[in-house]
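Biologist: I am new to this structure and would love a close look at a single part. Could you pick one helix and walk me through its surroundings?

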Amino acid sequence: MNELNWNAINAGLPRWMEEARGIAPLGKVASYIPELSKADPEALGFHILAADGKSLSAGDCGQRFTMQSISKVFTLMLALMDNGEERVFSKVGMEPTGDSFNSMLKLELVQPGIPFNPLINAGAIVISSLIAGSSNEEKSERIAAFLGRLAGGGPLELDEATYRSESSSGHLNRSMAYFLTDNGVLESAVEDVLEVYFKHCSLLVDCGQLARMALVLSLDGLDPVSGERLIPRRFVQIAKTFMVTCGMYNGSGEFAIDVGLPAKSGVSGGILALLPGRAGIGVVGPSLNRHGNSIAGVHLLETLSKEFDWSLF
Ligand SMILES: NC(=O)CC[C@H](N)C(=O)O
């Protein structure tokens, strides 16, 4: 396991951050969830945390934002822990779609009518219905506690305003959930499933917490401090593979070529990325490219990956 070149990262980071921030105006902050449109398009934060506990942060790394689709990687692993592989993959597939994250096109085009993968909205909605718990509250609490544990602390906090904003504007997600019910894929009532889904998308983190969660994945599910197993290795392997094939939506191929690391983005502008066995990374930059990925965040990761030869491929 080679050491990160901390001196060089530290020396180059201010310039690379400025360069990345400079292209933020070429993208757009998400506005289909009204609450997200309040984010500062020029904000950019970065945090890297290595397995030996060394870390480095830059820019607006103290800023909190909602996890959005980044949470889908973790609900997938929790659903796998609750149900096992066979049951989960009877309800969602394993293939990239090539369509945007909120597309429902292929639900009707391909049989059986299950979502192509757990990281598009339709797939993550199905995954929300597989989280164990006797009530919506218990399911949401389990997710917030699981995510918080990986981030190194107590349960993550819900951003109520974003949750309400998502729920009241989520017509497309709602229609997908009804479609999935009609296909016999969703077992619980639409509104119950969506409450769990919208709530996990609205959990708050900062870049440091994202990096801490990413580090657990980079260590194949082990807590970096106690060494305790938090997630079975097989389920982390599944999650990391999905991150490579679908984590950046229909920009995943380009990202694999330009950056070459398992990563997951969210429409609030967050990106979680990892260097296997070595480090976790959290980035935020709310201005998005056409695929819904942080434009400055992707640029920054690309620069770092090329500079330090981080690509796995
Ligand atoms: N790409 C994303 O981050 C999408 C998540 C968002 N909560 C939605 O349902 O549309």
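Modeller: Happily; here is a walk around helix α13, ending at one of the strands it packs against. This is a predicted model, in which local features need pLDDT of at least 70, side-chain atom pairs count only at pLDDT 80 or more, and totals for chains, interfaces and linings use all residues. Residues are numbered from 1 along each chain as its sequence is written, and side-chain values use heavy atoms, with hydrogens and water left out.

Helix α13 covers residues 295–308; helices (H or I, at least four residues) and strands (E, at least two) are DSSP runs, numbered from the N terminus. From first C-alpha to last, its 14 residues reach 20 Å, close to the 20 Å expected at 1.5 Å a residue (the expected span is 1.5 Å times one less than the number of residues). At the N-terminal end, S294 acts as a cap, with a side-chain oxygen 2.9 Å from the backbone nitrogen of G297. After the helix comes D309, which has a positive phi near 55 degrees.

Because 10 of its 14 residues are buried, α13 is largely enclosed by the rest of the structure. Buried means under 20% relative accessible area, exposed over 50%, and partly exposed in between (1.4 Å probe, protein chains only). Among the buried residues are I295, L300, L304 and F308. The buried residues pack against several elements, including α1 (6–22), β7 (270–275) and β8 (279–284).

Strand β7 is itself largely enclosed, because six of its six residues are buried. G270, L272 and L274 point one way, while I271, A273 and L275 point the other.

Methods: Contact means heavy atoms within 4.5 Å. A polar contact is a pair of N or O atoms within 3.5 Å; within protein, one must be able to donate a hydrogen and the other to accept it, and residues adjacent in sequence count only if both atoms are side-chain atoms.
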